[in-house]
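Student: Could you take me on a close look at a single part of this model? I would like to start from one side-chain contact and work outwards from there.

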Amino acid sequence: MPELPEVETVKRSLAPHLDGKTIESVVFYWPRTCLGDPDATSAQLAGQRIDQVGRHGKYLLFRLSKHGRDSFLWIHLRMTGNLLLNTRPGPHTRAEMFLSGGTSVVFHDIRKFGKWQWSRDFPERLAQLGPEPLEIDAEDFVRRLARRSMRLKALLLDQEFLRGLGNIYADEALFRAKLHPERSAASVGPRKARALHKAIRDVLQESISAGGTSINNYVDGQGSRGYFQLRTQVYGKAGEPCANCASPVRRIVVAQRSTHYCPRCQRR
DNA sequence: CGAGTCCTGTGT
DNA sequence: ACACAGGACTCG
């Protein structure tokens with residue numbers, strides 16, 4: 001479910017409540033939520049102070065310290081994960097974190113795809129990700145795009161190309177830039193590449209301002225829904241008229257993911 | 001590049 | 001009963 005804007009919204013809703021608190025205990029109700037040994041992870045986490053809650057692409061990153069030693073905990077929400085502050089655990093609660101001062105964080109995850117991992121050093125998986133879409137500058141983006149022959153949709157979903165785009169925002173950005181999802185990245189000229197860079201930034205920023213996209217399950221740390229679903233133009237709109245030209249939006253499958261585009265505005 | 005896997009819930 | 005779902009890994 002959550003892509004960059006949703007994870008950013010979760011981070012903003014949690015950080016003020018967690019920064020500076022100490023982890024008293026962590027319980028994994030579904031042990032496979034934890035990459036690595038759940039008992040050892042819980043033991044390592046107990047007593048850690050949360051120095052900062054951040055975001056790296058779609059990952060939430062907790063910077064921790066105990067006895068003067070830094071460590072890291074990342075959480076990936078995958079399709080249906082939610083982190084909820086001070087709520088009762090329910091049937092879909094996969095993990096729970098208890099903090100100093102009576103604060104708790106429940107990890108609710110219907111499909112059990114979400115993952116937590118603790119590490120002493122900066123996590124390798126995060127180090128392998130591409131740049132933040134809201135930080136990379138246009139010229140750098142254009143150069144990186146020109147080096148890849150992959151289809152645009154598949155490339156935008158590749159977290160080593162850019163970290164944070166998922167199925168909704170990849171489709172929305174390609175629509176805004178008027179680029180066909182199956183077009184090869186290297187075939188896109190610098191002018192259109194710059195338009196895509198701007199489209200990505202705009203759609204992500206607008207969604208963050210709207211608190212993310214809530215289609216089914218997504219809510220922030222306080223349980224609030226976002227409302228960017230009211231602003232999407234192609235995602236989930238197969239058969240509906242295109243906002244630009246009124247031709248029906250088409251749904252195809254690219255890289256095993258449903259892909260929505262306007263066949264008239266987004267030519268190959 | 002595609003297919004299969006991890007999972008549960010919802011809608012047709 | 002079947003298709004589909006904001007993700008990402010592993011395999012051939």
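Tutor: Happy to! Let's start with a pair of side chains: those of Gln 222 and His 17 in chain A make a polar contact at 3.1 Å. Please keep in mind throughout that this is a predicted model.

Gln 222 sits in the loop between α7 (190-209) and β9 (250-254). Leaving aside residues up to four places away in sequence, Gln 222 touches Ser 13, His 17 and Leu 85. For a sense of scale, His 67 is 155 residues from Gln 222 in sequence, and their C-alpha atoms are 31 Å apart.

Now let's put that contact in its setting. Chain A is divided into two domains, with domain 1 covering 4-127 and domain 2 covering 138-261. Each side gives 19 residues to the contact between them. Taken over C-alpha atoms, the centres of domain 1 and domain 2 are 28 Å apart.

How much area do domain 1 and domain 2 bury between them? The figure is about 1600 Å², and 59% of it lies on carbon and sulfur atoms. On the domain 1 side, the elements that give two or more residues to the surface touching domain 2 are α1 (4-18) and β5 (81-85). Helix α1 supplies the largest share of that side, 10 residues. By class, the domain 1 side divides into eight nonpolar, seven polar and four charged residues.

What about specific pairings across the interface? Nine residue pairs are in polar contact between domain 1 and domain 2, with both residues of each pair at pLDDT 80 or more. Salt bridges between domain 1 and domain 2, in contrast, number zero.

Salt bridges do turn up when the search is widened: the whole structure has 13. One of them takes us back to α1, where Lys 11 pairs with Glu 8, with the closest N and O atoms 3.6 Å apart. Lys 11 and Glu 8 are three residues apart in helix α1, which means that about one helical turn separates them. As a general point, side chains of opposite charge can pair when their charged atoms come close.

To finish, let's move from the domain contact to the DNA. Which residues surround DNA strand B? They are Trp 30, Arg 32, His 92, Ile 110, Arg 111, Lys 112, Phe 113, Met 150, Arg 151 and Gln 256. Of the atoms of DNA strand B that come within 4 Å of the protein, 71% belong to sugar and phosphate. The surface near DNA strand B is made up of four nonpolar, two polar and four charged residues.

Three of these residues are worth finding in your viewer. His 92 has a polar side-chain atom 2.8 Å from a phosphate oxygen of DNA strand B. For Arg 151, an N or O atom of the side chain is 3.1 Å from a phosphate oxygen of DNA strand B. Gln 256 reaches a base instead: an N or O atom in the side chain of Gln 256 is 3.3 Å from a base nitrogen of DNA strand B.

Methods: Residues numbered from 1 in each chain as written. Chains lettered and ligands numbered in written order. Predicted model: local features only at pLDDT ≥ 70, side-chain atom pairs only at ≥ 80, totals over all residues. Heavy atoms only, no water. Near = heavy atom within 4 Å. Polar contact = N/O pair within 3.5 Å; in protein donor to acceptor, adjacent residues only side chain to side chain. Nonpolar A, V, L, I, M, F, W, Y, C, P; charged D, E, K, R; others polar. Domains from an automatic or database assignment. Contact = heavy atoms within 4.5 Å. Buried area = accessible area lost by both parts, 1.4 Å probe. Salt bridge = Lys/Arg side-chain N within 4 Å of Asp/Glu carboxyl O. Helix = DSSP H or I, 4+ residues; strand = E, 2+ residues; numbered from the N terminus.
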